[in-house]
Amino acid sequence: MRGVLTSLANTRSAVVALTVAATVFAIAVWLPNLRLLFAIWTDASVSLGDKLALPISLLSSIATNFTLLSASYTIAIAVLAGVNAALIVRLIQMRGVFGSGAAVGASGIFTGAIGLGCAACGSLILTSLIGTVGGISILALLPLRGGEFGILGVVLLGVSTYLLAKQITKPFVCEPANIKV
Amino acid sequence: MEPQLKQNNLAIPLAIVIAGALIAAAVYFGNAGAGGASALQPQGAEQFTGDLEQMQPITAGDHIRGNPDAPVKIVEYSDTECPFCKAFHATLQEASEEYRDDVAWVYRHFPLDQLHTKARKEAVALECAAELGGNDAFWKYADRWFELTPSNDQTNIETVLPQIAKEIGLDESKFATCLDSKKFDAHIEDNVQNATATGGNGTPWSIVIAPSGKKYPLSGAQPYESVKQLIDLALKDK
């Protein structure tokens, strides 16, 4: 916890955390309607105001298009992804390496992403990946209808945060790479 | 040894970033539709393109709320057991009331059998309401259904389906006979196939059509403000 707080107290890390968290949240909420947003952003006849207003209003779909569970893990994934990114930046600044925690964090984001969407209605990313019928059939077998992926994502990001914070607070000591006893 | 260690440190994140890129590409192509069919899809879905132009034209046989000649049309593919369809039904009711003659709301069926085993029978009930009482009865039935039931297969349809029919003044005996028949099965399946052909992979799935004919896809129970912005955008596109 100390490592996380120390890192976020750094202005650059805090900016990275906020930017990444906001980006992950926006993408998660926009995912079901990327096709609509792409059509509007690339349509020359649509005014700049309309191009901006629609994506902004879609952000509030976290309250209308998500269950309490999926909204909770979507927000948790966004926040943890932001914290992870800030810790990675801090770790690179301090030690010049990513650390194994970064890999766990990245896998957490991707696992969580599979569970994003409307689980009750079959519009998870999972259904986009493996086809509507196949995807919904798999969801039907899962007790939380795919929410499992989101929860797993939060757990992986939590582990990653812990590993990164541990690496940041680790004292600088000389460690031989291979000690043969 | 140190360079090798650094190489290892980079290898895992790099592999995951590549895996992420592959997932993103799969999501993109899945959503965009082109070539989006997978081996898990049923036969006949090979031609799945997710193309909005594959939407079946709106005809007199559709269930239309509001002015059928309205400049903007919203075609909604809905599942009676999906809680988000229930929420979105109220959103479209509000839009219908606010825009009156400017918006026509077209209701089509998209029961997700794997998640909601009762939804297809309820779709039949809606069709029976339309057959016995016309377009008004269809919408009265749909409004009452979404108002009364909690979604996610928690309704006792053996009692609630006839109860709503009775409430809105339909002949109970004829309704029961219609419900047991299979006369609307093909029509409902046709709606389902059309929903997936246009790119629907969950419910509610809607297509907003501008006066120019341009189509905008809208997935999920989006907030009223977003629906309003999309309608306004479509109204400008003459």
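This report describes a five-stranded sheet in chain B of a predicted model and the helices beside it.

## Basis of the description

Residues are numbered from 1 along each chain as its sequence is written, and chains are lettered from A and ligands numbered from 1 in the order in which they are written. Because the model is predicted, local features need pLDDT of at least 70 and side-chain atom pairs count only at pLDDT 80 or more, whereas totals for chains, interfaces and linings use all residues.

## The sheet

The five strands of chain B form an open sheet in the order β1-β3-β2-β4-β5, with mixed pairing; strands (E, at least two residues) and helices (H or I, at least four) are DSSP runs numbered from the N terminus, and two strands pair if DSSP finds at least two bridges between them. At the edges lie β1 (63-65) and β5 of chain B, each paired on one side only. From one strand to the next, the twist averages 20°.

## The β4-β5 hairpin

Strand β4 (residues 205-209) of chain B runs antiparallel to β5(B), and five bridges join them. Ile207(B) has Pro217(B) as its bridge partner, while Ser206(B) is bridged to Leu218(B). Five residues lie between the strands of this hairpin, where Gly213(B) adopts a positive phi near 100°.

In β5 (residues 215-219) of chain B, four of the five residues are buried (20 or more other C-beta atoms within 10 Å of the residue's own, C-beta atoms being placed from the backbone).

## Helices beside the sheet

Helix α2 (residues 83-99) of chain B packs on the sheet and touches β1, β2 (72-78) and β3 (103-109) of chain B; contact requires C-beta atoms, placed from the backbone, within 7 Å. The direction of α2(B) makes about 155° with that of β3(B), where axes are lines fitted to C-alpha atoms, for helices over the stretch in contact, and angles run from 0 to 180 degrees between N-to-C directions. Helix α3 (residues 119-148) of chain B lies across β1 and β3 of chain B, at about 30° to β1(B).

Technical notes
Buried ≥ 20, exposed ≤ 12 C-beta atoms within 10 Å, placed from the backbone. Contact = placed C-beta atoms within 7 Å.
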